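Please open the model in your viewer and keep the selection tool at hand. The tour moves from one selection to the next, and at each stop it says what is there.

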Amino acid sequence: MTKLWNKSGWRERPQIQMPEYPNQDKLNSVTRHLSQCPPLVFGGEVRSLREQLAEVCEGKRFLLQGGDCAESFQEYSADSIRDTFRIILQMAVVLTYATKSPIVKIGRIAGQFAKPRSSAFEKNNGIELPSYRGDIINDIAFNQEARVPNPDRMIQAYSQSAATLNLLRAFSQGGFADIKRVHAWTLEFTEKEESDRYHYLAGRITDALEFMEAAGVSANKIEALKRVDFFVSHEALLLEYEEALSRVDSITGSVIAGSGHFVWIGDRTRQPDGAHVEFCRGIENPVGIKCGPSMEPDELKVLLQKLNPDNIPGRITLIVRFGKGRVFEYLPKLITAVKEEGAKVIWSCDPMHGNTEKASNGYKTRRFENILAEVKQFFAVHREEGTIPGGVHFEMTGTDVTECTGGLSAVSDDTLGDRYHTVCDPRLNSSQSLELAFEVSEEIAIRAAQT
Ligand code: PEP
Ligand code: CO
């Protein structure tokens, strides 16, 4: 890449959605410390993800990206990491079966701590305080002191990410993800209908493995059946943290964001001349761009030029999030812009962020039916345009939370309070996630039947 870039260049650009730290000395000492810590991911892994994503671009693989809206220091446990990993594995099995192609699995995990907010202030009982911006920045408790941005939180986020990634690497490589355990991944909370559908599919996979054994091909000898590649991602929002963890790759000499394999630029921070685009244009990692209704086709063209001047496949994922009913209006013009540029991108559908609403009792929620409708509209537009619907992006968790309503699990407005644990946006629970995976499979099957 021929570009003049350095990891601090973003500091000269307009910065939005970033905290103002009251104590610069403390901030500097934290970032100095982080810049001496080992990176969380390595160049070889990042390039391997990019290669897999290049195949998503060509329709040879499908992308599944999902996890928390925001990770939290409080909700951190080995069980919750395992549950998220397990539901992603289950969804991937369902999707592999439908697509007959490998699934690229990326968690919103091990670094997803910083949140953009629609409003800089939050009001509660007549008291106004600065908004909570994610555990890496300030504390969710509703008092003045808690809301002051504290750089030490970056160190806690880094160490939680490191330990999370360590466990994820163990799960993905150490036997947990062995396809022979496909039945054992079933979650206790899965709804009966989802559970039956999943077990039926797991049974067919087991049959296929037994057939292979009988025919003299031992599944134990096939590494690809015993391990999975699992990657981690987050929004590159807190640029002091991203800069401190960026590293020059010793093999290629290019710069890698060492904070995660894949990073994305949020819908609120994707100004072509802004700080976030400036930072991301110089790193080698695959980059996502969130595209909401305000994304103009010309703006998208500028972003693609800046972020992927060499048109490398797998480098850019466009994560579209318009909201149910708005896909037909907004997606085709972005597809046209991409076609005009001849740009190689992955189209991924985030049916979460355009479908957030307030329930009658005040809970922030999303309806399963709206999420599903947006997914179906995304596939329908790609069918019309002859383009590839490459992936899906969900906010979800492997446990039985009650944050989104509907689906077979029938969470209703009245039961939202039962297990509403998210610190930011409402997530699909395990059974809603699995149900959605089956629905996505059906969309893929329709597509396969037509091509
Ligand atoms: C998110 O993914 O949590 C998010 C804030 O998304 P967006 O930038 O699309 O609003
Ligand atoms: Co969110």
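Two strands are said to pair if DSSP finds at least two bridges between them, and the elements themselves are DSSP runs, numbered from the N terminus, with helices (H or I) of at least four residues and strands (E) of at least two. This is a predicted model, in which local features need pLDDT of at least 70 and side-chain atom pairs count only at pLDDT 80 or more, while totals for chains, interfaces and linings use all residues. Residues are numbered from 1 along each chain as its sequence is written, chains are lettered from A and ligands numbered from 1 in the order in which they are written, and side-chain values use heavy atoms, with hydrogens and water left out.

Begin by selecting lysine 105, which stands opposite phenylalanine 230 in strand E5. Now widen the selection to strand E2, residues 103-108, and to E5, residues 230-235; these two strands run parallel and are joined by four bridges.

Next, add strand E1, residues 62-67, which pairs with E2 in the parallel sense over six bridges; glutamine 65, for example, has isoleucine 106 in E2 as its bridge partner. If you follow the chain from E1 to E2, you pass through helix H3, residues 78-99, and this β-α-β crossover is right-handed, a term meaning that, with the strands pointing away from the viewer, the path from the first strand over the helix to the second runs clockwise.

Stay with E2 and show its side chains: are they buried or exposed? Ile103, Lys105 and Gly107 point one way and Val104, Ile106 and Arg108 the other way, yet all are buried, that is, under 20% relative accessible area, as against over 50% for exposed and in between for partly exposed (1.4 Å probe, protein chains only).

From E2, move to ligand 1 and select the residues around it, among them Arg108, Asp267 and Lys290, where the criterion is a heavy atom within 4 Å. A polar side-chain atom of arginine 108 lies 2.9 Å from an oxygen atom of the ligand, and a polar side-chain atom of lysine 290 lies 2.8 Å from an oxygen atom of ligand 1. With aspartate 267, a polar backbone atom is 2.8 Å from a ligand oxygen. Taken alone, ligand 1 exposes 300 Å², and the protein buries 98% of that, with areas from the Shrake-Rupley method and a 1.4 Å probe.

Finally, select the cysteines: how many disulfides are there? Counting pairs of cysteine sulfur atoms within 2.5 Å, the total is zero. Cysteine 404 has the sulfur of cysteine 69 as its nearest cysteine sulfur, 11 Å away, and cysteine 404 is buried, with a relative accessible area of 0%.

Note on methods: Polar contact = N/O pair within 3.5 Å; in protein donor to acceptor, adjacent residues only side chain to side chain.
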